[in-house]
Amino acid sequence: MIELQNVTLTYTDGNSRITAVDNVSLRCEDGTLMGITGPSGSGKSSLLAIAASLIRPDSGGVLIGEGTDTVDAAQLSKTEATELRRERIGIVFQQSNLLPALTAREQIEVMAHLGGASKTRRSTITSQASELLEAVGLTSRADKRPHQLSGGERQRVAIARALVRSPEVLLIDEPTSALDQERGAEIIELIERLTHERGTATLLVTHDLIHKAAFDELVTVVDGRIRETVAA
Ligand code: ADP
Ligand code: MG
């Protein structure tokens with residue numbers, strides 16, 4: 001579960017301040033796909049960065065987890081936030097941010113090695129990478145490097161990489177913006193399926209409303225505020 005409680009974020013802009021996120025509250029349960037839409041500049045990426053504990057809000061809470069496992073990401077130190085991201089949050093940015101020299105399989109394996117990796121056996125990492133490649137439909141492309149993959153395939157690798165530690169929360173920013181309509185629809189379907197299969201609380205930012213049917217809930221943000229929330 002991820003819950004934002006009365007979250008506000010301002011940026012300095014010369015000698016004034018911009019309110020990018022204005023008292024936003026939302027809650028996304030495990031196994032649920034929440035779409036976040038709204039015009040450019042409405043604060044969607046800022047909202048996702050707060051949910052990811054990459055930016056600390058000026059005020060408000062960012063609760064992640066269930067029961068006694070719940071943490072407030074807005075209260076963590078930088079080190080604690082890094083740990084939280086590594087263990088409990090999967091993030092996919094607009095550009096897939098893959099390492100050019102690594103194959104699809106290696107991108108996933110490197111992630112599995114990071115932090116606490118000495119305890120993880122190589123064979124476990126290899127089989128986990130195979131399982132994730134299969135889950136995103138890339139088994140036959142496992143040994144390709146990013147430049148040998150299409151935009152949609154690169155997004156699939158980025159999604160597989162985000163799932164390495166079985167995160168509770170999955171945060172995805174505009175995954176279809178560089179794709180044609182058909183590839184875009186496939187990526188959204190994939191995210192919908194993985195959310196339900198793996199039980200992640202998934203926030204998906206998109207300005208593309210043709211994908212609307214995939215969302216369990218759709219939040220519209222305008223000028224940093226929630227304008228509307230529609231359940232599917
Ligand atoms: P969206 O993702 O919906 O396009 P953003 O969250 O990127 O919106 O931006 C929201 C507002 O905050 C915009 O007015 C943008 O110009 C401003 N903004 C975003 N990032 C920064 C930053 N690092 N410094 C100052 N202003 C920013
Ligand atoms: Mg954005």
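Start by selecting T12 and R17 in this predicted model: R17, in strand 2, is the bridge partner of T12. Next, show the whole of strand 1 (residues 2-13) and strand 2 (residues 16-28). The two strands run antiparallel and are joined by 9 bridges. Between them the hairpin has 2 residues, and G14 takes a positive phi near 65 degrees there. Elsewhere on this pair of strands, select L4, which stands opposite L26 in strand 2.

Strand 1 has another partner to pick out. Add strand 4 (residues 59-64), which pairs with strand 1 in the antiparallel sense over 5 bridges. To find a point on this pairing, select E3 and then L63 in strand 4, its bridge partner.

Return to strand 2 and select V24, which has its place in that strand. Is V24 buried or exposed? V24 has a relative accessible area of 1%, so it counts as buried. Show what surrounds V24, leaving aside its neighbours within four places in sequence: the contacts are L4, Q5, N6, V7, L47, G224, R225 and I226. For a sense of distance, select R88 as well. V24 and R88 are 64 residues apart in sequence, and their C-alpha atoms are 22 Å apart in space.

Now turn to the open sheet. Its 6 strands follow the order 6-7-8-3-9-10, and the pairing is mixed. Which strands stand at the edges? They are strand 6 and strand 10 (225-231); each has a single partner strand, so one side of each is left without a neighbour in the sheet. From one strand to the next, the twist averages 15 degrees.

Within this sheet, select strand 3 (residues 32-37) together with strand 8 (residues 201-205). These strands run parallel, with 5 bridges joining them. Select M34 to see it opposite L203 in strand 8.

T32 also lies in strand 3. Its relative accessible area is 16%; buried means under 20%, so T32 is buried. Leaving aside the neighbours of T32 within four places in sequence, show its contacts with T195, T200, A201, T202 and D216.

The helices against the sheet come next. Select helix 1 (residues 44-51), which lies across strand 3, strand 6, strand 7 (169-173), strand 8 and strand 9 (217-222). Helix 1 runs at about 155 degrees to strand 7. Then select helix 5, which packs on the sheet and touches strand 6 and strand 7. The direction of helix 5 makes about 165 degrees with that of strand 6.

The last stop is the largest pocket. Rolling a probe the size of a water molecule over the atoms shows where empty space is left. The largest pocket has a volume of about 440 Å³, and 19 residues line it. Select R85, R86, I89, I91 and M111, the lining residues that lie nearest its centre. Which elements give two or more residues to this lining? They are helix 2 (78-88), strand 6 (89-92) and helix 5 (151-162). Strand 6 gives the most, with 4 residues. Finally, colour the lining of the largest pocket by class: 11 residues are nonpolar, 4 are polar and 4 are charged.

Definitions and conventions:
Residues numbered from 1 in each chain as written. Chains lettered and ligands numbered in written order. Predicted model: local features only at pLDDT ≥ 70, side-chain atom pairs only at ≥ 80, totals over all residues. Heavy atoms only, no water. 1 Å grid on protein atoms, 1.4 Å probe; cavity = no way out; pocket = protein on both sides within 12 Å on 5 of 7 lines; lining within 4 Å. Points joined across faces, edges and corners; volume = space filled by probe spheres on them. Nonpolar A, V, L, I, M, F, W, Y, C, P; charged D, E, K, R; others polar. Buried < 20%, exposed > 50% of the residue type's maximum accessible area, 1.4 Å probe, protein only. Contact = heavy atoms within 4.5 Å. Pairing = 2+ DSSP bridges. Axes fitted to C-alpha atoms, helices over the stretch in contact; angles between N-to-C directions.
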